[in-house]
Amino acid sequence: MFTGLIEQVGTVTECLRRSHSLVLTVAHAGFREPLRTGDSVAVNGVCLTAVACTATTFTAEAMPETVRHTNLPAWQAGTAVNLERALRVGDRLDGHWVTGHVDGCGRIIRIATDEIAELVTIEVSPELGRQIVRKGSIAIDGISLTVTEASAHRFTVGVIPHTRNHTALRDKRTGSIVHIETDILGKYVLQQLQYRRTYGEESLQQVLQAAGFAVEGRE
């Protein structure tokens, strides 16, 4: 679990492509606590497991499912990436709940200025668009941001100078592809609404019983 508050920007030093998976090595400036093998790191919003570590690098493997839903295949040596280590119990939650499970990609179609802020408009598929609401939270390349406007095919976020200057968002231009993770709470609500449309007021227990997954009266 992550918060969407980027700790630092790292650099991809190697991207080894297999048939449908990738092995990445990322250089970084070091963390307050050394990264260890098995630790989770959000890399541009993608939750990856460090399989090898040094004081200033780590290697991670991306399985085919991850590759299919991200723009990792476009990464190469020199690509700047946002890094955030996993949230610890008791840490201050200043962003929002970010799982590191990217829902898909969007394309930046407009960058405008609103006094100190940049308004970044991103085009997405209707499937993603229906999960995004005005004033809701969203993670863009792992960055926790607030949606200022939303429609079926696009949405806009406001970016303050600090966020742009301290994340890889500073390198993004019109046409850039970014990772999208919608709010996990919204996805649960949407699933429940879809469930009601499919099964009406029939209880979840009844559906499970009919499918053979639950027996009445059994814990």
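These questions and replies take up how some terms apply to the predicted model above.

Me: What are the ground rules for this model?
Reply: The model is predicted: local features need pLDDT of at least 70, side-chain atom pairs count only at pLDDT 80 or more, and totals for chains, interfaces and linings use all residues. Residues are numbered from 1 along each chain as its sequence is written, and side-chain values use heavy atoms, with hydrogens and water left out.

Me: What makes β2 and β5 a pair?
Reply: Strands are DSSP runs (E, at least two residues), numbered from the N terminus. Two of them pair if DSSP finds at least two bridges between them. Six bridges join β2 (residues 22-27) to β5 (residues 57-62), so the pair meets the rule. The two run antiparallel. L24 has A60 as its bridge partner in β5.

Me: Which strands close into the barrel, and in what order?
Reply: Six strands close up, in the order β1-β2-β5-β4-β3-β6, with antiparallel pairing. Neighbouring strands of this sheet are turned by 45° against each other on average, direction ignored. Axes here are lines fitted to C-alpha atoms, and angles run from 0 to 180 degrees between N-to-C directions.

Me: What makes a set of residues a nonpolar core?
Reply: The members are buried Ala, Val, Leu, Ile, Met, Phe, Trp, Tyr and Cys residues, joined through side-chain atoms within 4.5 Å. The largest such core has 21 residues; V43, L48, F58, L72, W75, V81 and L83 touch the most other members. β1, β2, β3, β4, β5 and β6 each supply at least two residues of this core. A second, separate core of 18 residues includes I6, V124, V157 and V178.

Me: Why is K135 called exposed, and D141 buried?
Reply: Buried means under 20% relative accessible area, exposed over 50%, partly exposed in between (1.4 Å probe, protein chains only). K135 has 54%, so it is exposed. D141 has 2%, so it is buried. K135 sits in the loop between α2 and β9; D141 sits in the loop between β9 and β10.

Me: What is notable about phi at K135 and D141?
Reply: Most residues other than glycine have a negative phi. K135 has a positive phi near 75°, and D141 has one of about 50°. Neither K135 nor D141 is a glycine.

Me: How do you know that R85 lies over the face of F31?
Reply: The rule wants CZ of Arg within 6 Å of the ring centre and within 35 degrees of the ring normal. R85 lies over the face of F31, at 5.6 Å from the ring centre.

Notes:
Helix = DSSP H or I, 4+ residues; strand = E, 2+ residues; numbered from the N terminus.
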